[in-house]
Amino acid sequence: LLGEGPQRAIRMQTDAERAVLSERTKGDPILDISTFSNTSSTPFIDYINADILHTLAQPRSSHPEEMTFISMAHVMELMFKLLNYELMRAKAAIRRGGLDEVAVIFRRVHKVLEYAAQAWGVLSTLTPEGYLAFRDYLGIGSGFESYMYRRLEFILGNKQPRMLEPHAQVPHIHRALGA
């Protein structure tokens, strides 16, 4: 469920170092970050892999609405991943009796679900003509194949073995969902 790639090196900063830096900059933003960065990057890019993230939206048609579809699909996938993560945390907290932690997690889950609903609102702005202009590039693919959504269904109790079938061609995902 967590990232599988190697983490980039980022030097952690101590409270004392942060205090010295804040005093030196008088609280102004640090614009020359070269001494804090890896070569050809920034700490923020390295932390969230923004350079990789922004290469993932690759429209296949020339229709401008396709970027909206791809971007919102990516947002939804990330929301499904976050929901999976938080619900697994809630499950573990319930098992150890951490009901205060569960309350915090469920408040977050509620907000994530509200946010996901807003992403559907953005998708609703696609025109039928716009969607049909790029739909053929997706082939038979659909959001039905989202394994993070499927995992979310399973976590929430909708464990229908037939729903593993769309994932049979991807063994590591099929195994993870089956577990």
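A salt bridge is taken here as a side-chain nitrogen of Lys or Arg within 4 Å of a carboxyl oxygen of Asp or Glu. By this criterion the structure holds 11 salt bridges. The model is predicted, so that local features need pLDDT of at least 70 and side-chain atom pairs count only at pLDDT 80 or more, while totals for chains, interfaces and linings use all residues. Residues are numbered from 1 along each chain as its sequence is written, and side-chain values use heavy atoms, with hydrogens and water left out.

One of the salt bridges joins D15 to R18, with the closest N and O atoms 2.5 Å apart. Both residues lie in helix 1, three residues apart, or about one turn of the helix; helices are DSSP runs (H or I, at least four residues), numbered from the N terminus. An α-helix has 3.6 residues a turn, so residues three or four places apart point the same way. D15 is exposed, with a relative accessible area of 60%, whereas R18 is partly exposed at 40%. In these assignments, buried means under 20% relative accessible area, exposed over 50%, and partly exposed in between (1.4 Å probe, protein chains only).

A further salt bridge is formed by R89 and E101, whose closest N and O atoms are 3.2 Å apart. This pair links distant parts of the chain, with R89 in helix 4 and E101 in helix 5, 12 residues apart. R89 is partly exposed at 26% relative accessibility, and E101 is partly exposed at 27%. E101 also forms a salt bridge with R96, at 2.5 Å between the closest N and O atoms. R96 counts as exposed, with a relative accessibility of 54%. Through shared partners, salt bridges join E86, R89, R96, E101 and R108 into one network.

Nonpolar cores were defined as sets of buried Ala, Val, Leu, Ile, Met, Phe, Trp, Tyr and Cys residues joined through side-chain atoms within 4.5 Å. The largest such core has 17 residues, and M76, F80, L83, V109 and L152 are those with the most contacts inside it. Two or more residues are given to this core by each of helix 4 (65-95), helix 5 (99-123) and helix 7 (147-155). Helix 4 provides the largest share, seven residues. A second, separate core has five residues, including F154, L164, I173 and L177.

Helix 7 contains the buried residues M148, R150, L152, E153 and F154. The buried residues of this helix pack against helix 4 and helix 8 (171-178). Apart from its neighbours within four places in sequence, L152 is in contact (heavy atoms within 4.5 Å) with F80, L83, N84 and L87. Of these contacts of L152, N84 lies in helix 4 and is buried, with a relative accessible area of 0%. A polar atom of the N84 side chain lies 2.9 Å from the backbone oxygen of M148. Helix 7 is followed by G157, which has a positive phi near 105°.

Positive phi values also occur at residues other than glycine. K26 has a phi of about 55° although it is not a glycine. K26 is placed in the loop between helix 1 (15-25) and helix 2 and counts as exposed, at 69% relative accessibility. N49, likewise not a glycine, has a positive phi of about 55°. The position of N49 is in the loop between helix 2 and helix 3 (50-53), and N49 is partly exposed, with a relative accessible area of 27%.

On the surface, I10, F44, Y47 and I48 make a nonpolar patch of about 450 Å². Patches are made of residues with over 30% relative accessible area and no salt bridge, like charges being joined within 9 Å and nonpolar side chains (Val, Leu, Ile, Met, Phe, Trp, Tyr) within 5 Å. Accessible areas come from the Shrake-Rupley method with a 1.4 Å probe, and for residues only the protein chains shown count as cover. Within the patch, I48 is found in helix 2 (residues 43-48). I48 is partly exposed, with a relative accessible area of 38%.

Note on methods: Polar contact = N/O pair within 3.5 Å; in protein donor to acceptor, adjacent residues only side chain to side chain.
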